[in-house]
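The following report looks at charged pairs, one helix and a surface patch in a single protein chain. The sequence and the coordinates are shown first, and the discussion follows.

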Amino acid sequence: MFYFAIDILGIIAFSISGVMMAMDKRLDIFGVFIIAFVTAVGGGTLRDILIGSTPVVWLQDMVYLATILGSVTVAVVFRNQLKYLRRSLFLFDTIGIGLYTMVGIQKGIAIGLHPVMCVGLGTITASFGGVIRDILCNEIPVIFRKEVYATACILGGIGYFLLEKLPLKDAYPYVGGIIIVITVRLLAVHFKITLPNIYKPIEEV
């Protein structure tokens, strides 16, 4: 029940993130729903296909579709209030990747994958809904830019497995991993920490 609740919270966060992006692009209501939908379930769909878990999770349970519909409705109705939240798109996206990283890791653990593969699966789950969202909205995906995005997911996944070694209750490493992902992403943006630049300055090219 705990892991299912985290999954639903991730759906809500990513749905709202998708709505914010779609409304910035002034899409119609159908476009807003589609962007919210692919943001919320795109990474999880790819994850389930990779591990052979079909039908994919959102096809098996109407709760996912209902949650996305509800989140889209609330975000559209209260869009003016959401605009006043500082960097609301960034905030909901960051919460989403934290939650979904751990959901993906748990899926990997459940089928006996190596911890490295579990971290990779968590990163895919967290990141690729946003990749699809950005591509459909004609943006270069955040994960392919120099921002700390996938790196935060990887560090959170590593943190989870390190915390698992400690004598803690099951939920604590899980929550700890989520907090690490969110904290790393927030600190990286606040202090303008980026991955190394492999390109020469434009004037030198």
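A salt bridge is taken here as a side-chain nitrogen of Lys or Arg within 4 Å of a carboxyl oxygen of Asp or Glu. The model is a predicted one, and by this rule the count in it comes to four salt bridges. Asp93, Arg133 and Asp134 are linked in a network of such bridges. The table lists three of the pairs with their N to O distances.

| Pair | N to O distance |
|---|---|
| glutamate 139 and lysine 25 | 2.6 Å |
| arginine 133 and aspartate 93 | 3.1 Å |
| aspartate 134 and arginine 133 | 2.9 Å |

Within the network, the side chains of arginine 133 and aspartate 93 meet in a salt bridge, and this pair links distant parts of the chain, with arginine 133 in helix H7 and aspartate 93 in helix H6 (residues 88–110), 40 residues apart. Are these two residues, arginine 133 and aspartate 93, buried or exposed? Both are buried, and aspartate 134, which forms a salt bridge with arginine 133, is buried as well.

The pair of glutamate 139 and lysine 25, joined by a salt bridge of 2.6 Å, also links distant parts of the chain: glutamate 139 lies in the loop between helix H7 (115–136) and helix H8 (150–164), while lysine 25 lies in the loop between H1 and H2, 114 residues apart. Because its relative accessibility is 32%, glutamate 139 counts as partly exposed, and lysine 25 counts as partly exposed because its value is 35%.

Helix H2 (residues 29–50) comprises 22 residues and reaches 31 Å from its first C-alpha to its last, which is close to the 32 Å expected at 1.5 Å a residue. Even so, H2 contains a kink of about 45°, centred on valine 41. At the start of H2, a side-chain oxygen of aspartate 28 comes to within 3.2 Å of the backbone nitrogen of phenylalanine 30, and just after H2, glycine 52 adopts a positive phi of about 75°.

On the surface, Phe2, Tyr3, Val175 and Ile179 form a nonpolar patch whose accessible area is about 330 Å² together. The elements that give two or more residues to this patch are helix H1 (2–24) and helix H9 (171–190). Isoleucine 179 has its place in helix H9, and this residue counts as partly exposed because its relative accessibility is 48%.

Notes: Residues are numbered from 1 along each chain as its sequence is written. This is a predicted model: local features need pLDDT of at least 70, side-chain atom pairs count only at pLDDT 80 or more; totals for chains, interfaces and linings use all residues. Side-chain values use heavy atoms; hydrogens and water are left out. Helices (H or I, at least four residues) and strands (E, at least two) are DSSP runs, numbered from the N terminus. The expected span of a helix is 1.5 Å times one less than its number of residues. The bend at a residue is the angle between axes fitted to the seven residues ending there and the seven starting there. A polar contact is a pair of N or O atoms within 3.5 Å; within protein, one must be able to donate a hydrogen and the other to accept it, and residues adjacent in sequence count only if both atoms are side-chain atoms. Patches are made of residues with over 30% relative accessible area and no salt bridge: like charges are joined within 9 Å, nonpolar side chains (Val, Leu, Ile, Met, Phe, Trp, Tyr) within 5 Å. Accessible areas come from the Shrake-Rupley method with a 1.4 Å probe; for residues, only the protein chains shown count as cover. Buried means under 20% relative accessible area, exposed over 50%, partly exposed in between (1.4 Å probe, protein chains only).
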